[in-house]
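Reader: I'd like to learn how to read a sheet and what packs on it. Can you walk me through one?

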Amino acid sequence: MATLEKGGNAFDAAVAAAFTLQVVEPHLNGPGGDVPVILSDVRKGTGMGKVEVICGQGPAPAKATIAHYRSLGLDMVPGTGLLAACVPGMFDTWMMLLRDYGTMKLSDVLAPAIFYASQGHPLVERANATIATVEELFRKHWPTSAAVYLPGGKVPATGTLFTNKTMAETYTRVLREAESAGADRVKQIEKARLTWGEGFVAEAIDRFCRTQEVMDTSGERHRGVLTGDDIAGWEAHIEAPLTYDYGRYTVCKPGPWAQGPVMLQQLALLKGLDFKDADPTSADFVHLLVECSKLAYADREKFYGDPDFAEVPMATLLSDAYNDARRKLVTGEASLEQRPGSVEGFGAVVKLRRQDGARHAVGGMGAGEPTVGRMGEVRGDTVHFDIVDQAGNMVSATPSGGWLQSSPVIPELGFCLGTRAQMFWLEEGHPAALAPGKRPRTTLSPTLALRDGQSYMAWGSPGGDQQDQWTTQLFMRHVHARHEPAGGDRRPGLALRAFPDLVLAAHRAAGRAGGRGPAAGRDGQGARAPRPRRRGRCRLVRRPAHRRRARRPPPPCRRQSARHAGLCRGAVRY
């Protein structure tokens with residue numbers, strides 16, 4: 001808000017917010033991570049012509065080959081450590097957004113982040129919990145992370161002022177070198193990009209990956225394969241969005257290198273169903289959403305990948321003929337099967353298999369995406385923001401990766417690298433198979449919609465695989481039940497896990513005893529019955545009468561909300 005109040009536009013505010021989030025929510029994102037951005041710029045006219053996607057997903061390093069990882073005895077990319085690092089995409093993406101769409105200088109948008117990193121910010125509850133969870137890992141194996149996140153040798157308490165002075169010094173140096181290019185705003189931004197991609201930042205990353213052997217979720221130590229040349233050879237770029245028309249609305253998403261098209265596939269299936277006067281909390285409404293989600297996510301597993309490396313038949317997957325046939329699979333009964341569609345010549349077989357013996361990259365330590373385990377493995381969370389300014393500019397972004405639990409802090413920089421390469425399959429022929437220069441298939445999925453040809457709505461959510469379930473639910477409720485998005489978080493929501501987790505759930509399931517896991521059935525072969533996950537305090541199923549009143553104190557270090565106060569005195573019921 002401060003950036004908007006100072007005269008900046010939505011894009012300036014997005015860049016300032018993004019850098020600040022790296023500092024104040026380091027357990028959810030960091031400078032070494034990645035980000036897709038979707039935006040609408042009023043200066044570029046009306047309609048689809050002004051909607052663009054900035055791809056801030058860095059690719060796999062040149063030395064990241066299936067053969068290399070197999071030679072290390074791995075059958076999946078570890079979920080933490082240096083082997084899972086792709087080229088960091090955050091910084092260059094924000095510089096492109098600021099240069100081409102913003103109006104402010106680099107110093108204006110970096111000032112809040114530098115201030116909070118150097119002077120301190122109140123540590124949020126989840127950051128404290130995350131640090132406490134990986135405390136032992138930091139002490140035993142990642143001392144550079146312990147130096148930053150265990151000040152005084154202790155886990156910092158929630159609400160205490162937390163600093164990361166090394167990160168502040170990194171951004172201060174970038175800014176100082178940028179300003180050496182003169183007073184011109186664009187020249188400063190270009191100098192900052194050069195400093196990051198070919199200067200001291202890239203050099204420090206290169207040196208750390210070459211010289212350090214880091215403990216990861218395989219239970220072994222490995223050096224990284226990311227180099228300075230990989231960083232210097234990549235830059236963020238602009239793409240056209242993938243779109244789908246749903247009534248008066250045109251929904252825009254990033255392409256199949258991200259998860260975004262799975263929302264469009266859900267809409268293509270749902271469009272042929274009758275939702276007139278539907279109750280979004282009714283069993284019928286939820287059933288149709290869930291069954292269509294299963295079909296769309298099954299296709300994600302089979303077909304999606306970087307379209308620069310694998311042809312993805314999106315035109316077919318979104319066509320009426322394809323979805324008319326797929327929709328016939330939706331009956332009055334919940335399906336317990338993984339049922340991807342068939343497009344001749346495209347896709348790969350999704351193997352949910354049982355295998356005896358231990359698996360190197362799973363073991364007892366798990367693996368996964370951004371809740372967090374003791375070895376840094378994480379599952380399903382990140383940050384998201386949407387900004388609209390008074391001129392009508394819109395931007396939706398989901399920065400993620402490079403969180404504090406992903407890999408050790410690079411001591412000269414004050415931040416760690418991301419682990420997005422864990423999304424790759426070490427299986428030749430799969431659309432999401434690992435290859436040098438290839439973008440990993442990510443869950444990050446910002447959304448923008450037009451109504452009657454005009455920019456109308458920007459939205460999204462953290463949550464890994466849940467992102468395009470929750471965004472679809474919000475959209476359907478808004479369109480068919482006229483629910484205002486601002487109240488969406490107070491209404492019941494659900495999350496489905498009746499499909500492989502994008503972070504190699506087939507491997508996770510196979511690594512568990514007897515093949516039991518999120519994708520394993522009673523016989524260890526098929527999919528288990530779906531079980532909608534509870535989200536917050538909202539439930540689709542009412543509690544028994546004798547348990548409906550909540551009588552618990554508010555969370556520590558948080559203000560008591562009006563809703564919570566109502567729950568405690570029995571004024572609000574589930």
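Author: Sure, and keep in mind that this is a predicted model. Strands of a sheet pair through backbone hydrogen bonds, and they do so either parallel or antiparallel. Here, five strands make an open sheet in the order β7-β2-β1-β11-β10, and the pairing is antiparallel.

Reader: Which strands stand at the edges?

Author: Those are β7 (237-239) and β10 (385-388). Each has a single partner strand, so one side of each has no neighbour in the sheet. As for twist, neighbouring strands of this sheet are turned by 20° against each other on average, ignoring direction.

Reader: How many bridges join β10 to β11?

Author: Four, and β10 and β11 (residues 394-397) run antiparallel. For one residue pair to look at, take V388: its bridge partner in β11 is M394.

Reader: And which helix packs on the sheet, touching β1, β10 and β11?

Author: That's α2, residues 10-24. The direction of α2 makes about 155° with that of β10. Helix α4 (residues 90-101) lies across β1, β2 (51-56), β7, β10 and β11. Against β2, α4 runs at about 150°.

Reader: Let's try a single residue. Is A495 buried or exposed?

Author: The cut-off for buried is under 20% relative accessible area. A495 has 1% relative accessibility, so A495 counts as buried. You'll find A495 in strand β14, which spans residues 494-495. While you're there, check G463: A495 and G463 are 32 residues apart along the chain, and their C-alpha atoms are separated by 9.6 Å.

Key
Residues numbered from 1 in each chain as written. Predicted model: local features only at pLDDT ≥ 70, side-chain atom pairs only at ≥ 80, totals over all residues. Heavy atoms only, no water. Helix = DSSP H or I, 4+ residues; strand = E, 2+ residues; numbered from the N terminus. Buried < 20%, exposed > 50% of the residue type's maximum accessible area, 1.4 Å probe, protein only. Pairing = 2+ DSSP bridges. Axes fitted to C-alpha atoms, helices over the stretch in contact; angles between N-to-C directions. Contact = heavy atoms within 4.5 Å.
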